[in-house]
Amino acid sequence: MSYFGNVDKIKYEGKLSTNPLAFKHYNPDQVILGKTMREHMRFAVAYWHSFTANGSDPFGVGTAVREYDKFTGMELAKARVEACFELLNILDVDYFCFHDRDIAPEGATLQETNKNLDEIVALIKENMKKSGKKLLWNTANMFSNPRFVHGAATTSNADVYAYAAAQVKKALEHGKELGAENYVFWGGREGYESLLNTDMGFELDNMARFMHMAVDYAKEIGFDAQFLIEPKPKEPTKHQYDFDAATTLSFLQKYDLDKHFKLNLEANHATLAGHTFEHELRVARLSDALGSIDANQGDMLLGWDTDEFPTDLYSSTLAMYEILNNEGGIGRGGVNFDAKVRRQSFEPIDVVYSHIAGMDSFARGLVVAAKLIEDGALENIIDTKYESFKSGLGADIVAGNVTLKSLEAYALQNNPIVTKSGHLELVRAILNQYIMNA
Ligand code: XUL
Ligand code: CO
């Protein structure tokens, strides 16, 4: 059975190719700064967008009707596994990611739900073995079911807290079973609508307790995945606790969790928080917490999480610039396409086109970023900008050899102060040159 129309494995044909089913920039075996493109990127397909979602929105039902939609229940779940491995093979992508509820239907009881999950996990394991494909990360969906109306780890209902804990326990066991490289927490409903009826301090304490239990259990069962938190400022709640990289890092530090977690940063979440993607990556990188990325993009004109496939070369270049400058690159993480085709792109082949577009955009970003680094293009500009701190007074400041008094004495006799232009438009033009010509 083919769900994507018997498409052959996508191959690299070079930048002049006009074949829509070919990579123009992603050449998996091409070595850049000592690693192949495949190793730099570790691309992943997101199960929920590519196999579970169907293009429905608050105004209309799904437009993407797939061959597997003739099935229901566990038969549907099994057919989706088949579709997943077919797509990974077509795209030559090594990894995938899922939420527990993406892969198997919930039953009437937790026991039944877990039984469904176990069965599908076994099927996934079989397919992984046959194909050599790997699980970049799994996670627990603790936001869709109505029981999570007040949150999961931050709920006001202790019974729901216990249910969420049971769900994560199972997800960790499945992560171990499938050899997941990472385990992700995205706090879907960990946030609040109004402080008028919310004990924020208590909810945060409870969330930290929850995370500690997860870390302890992973250790207990010997699941050595990298733990990640994925920040997002809003949606579904008005204020999400893991607002952005800086807020999440401060939460982790306050609760002594920082040595156990890194961050999974998503482009559209960054822009919702009023940041660029590269800002979030830089903040994480400076704290040695850049763990993995969810690659997508938002829409400048819309204020919600549109999860579009990433095609903005400025963003992919600057994201790859941060990743290349990160110690160990993307490490155990990867570039997960947490992205969905638009509602009008409802044919199965659109799922293939969209991933090709995203992979090529990141491949191009990688090439440009590597060239920027090799040439020291931005480094030299930054070096020159801060050169007053390299000698004389500046060097004394950096060495800690000054006081407010000594600086005052210097300032009193240093007149006039000469400042230099930042030449930002020139810098942008240089970046343009690299994007067009590298
Ligand atoms: C939601 C989102 C999630 C996480 C995993 O905005 O990004 O899909 O990536 O729960
Ligand atoms: Co995401």
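**Exercise 1. State how many helices and strands the chain has, and explain why its dimensions fit a globular protein.**

The secondary structure of the chain, in this predicted model, consists of 16 helices and 14 strands. The next step is to set the radius of gyration, 24 Å, beside the 22 Å that the globule rule gives for 438 residues; the two values are close, so the chain is as compact as a globular protein of that length. Along the principal axes, the C-alpha trace spans about 80 × 60 × 45 Å. Burial and contacts complete the picture: 51% of the 438 residues count as buried, and, among contacts between residues at least 6 apart in sequence, 77% join residues at least 24 apart.

**Exercise 2. Identify the protein donors of the cobalt ion (ligand 2) and work out which arrangement the donor atoms adopt.**

Begin with the protein donors, which are Glu230 (OE), Glu266 (OE), Asp294 (OD) and Asp338 (OD), at 1.9 to 2.1 Å from the cobalt ion. Then turn to the angles: the 6 donor atoms around the cobalt ion subtend 81 to 172 degrees, and the arrangement is therefore octahedral, given that six donors count as such if opposite ones are over 155 degrees apart and all others between 65 and 115.

**Exercise 3. Locate Glu266 and Asp338 in the fold, and decide whether each is buried or exposed.**

Along the chain, the donors of the cobalt ion follow the spacing E-x35-E-x27-D-x43-D. Glu266 belongs to strand β12 (residues 261-266), whereas Asp338 sits in the loop between β14 (335-337) and α12 (348-375), so the pair ties together parts that are 72 residues apart in sequence. As for accessibility, Glu266 is buried, at a relative accessible area of 2%, and Asp338 is buried as well, at 7%.

Key:
Residues numbered from 1 in each chain as written. Chains lettered and ligands numbered in written order. Predicted model: local features only at pLDDT ≥ 70, side-chain atom pairs only at ≥ 80, totals over all residues. Heavy atoms only, no water. Donors = N, O, S within 2.8 Å, 3.2 Å for Na, K, Ca; no water. Tetrahedral: all angles 85-135°; square planar, octahedral: opposite > 155°, others 65-115°. Helix = DSSP H or I, 4+ residues; strand = E, 2+ residues; numbered from the N terminus. Buried < 20%, exposed > 50% of the residue type's maximum accessible area, 1.4 Å probe, protein only. Rg over C-alpha atoms; globule rule 2.2 N^0.38 Å. Contact = heavy atoms within 4.5 Å.
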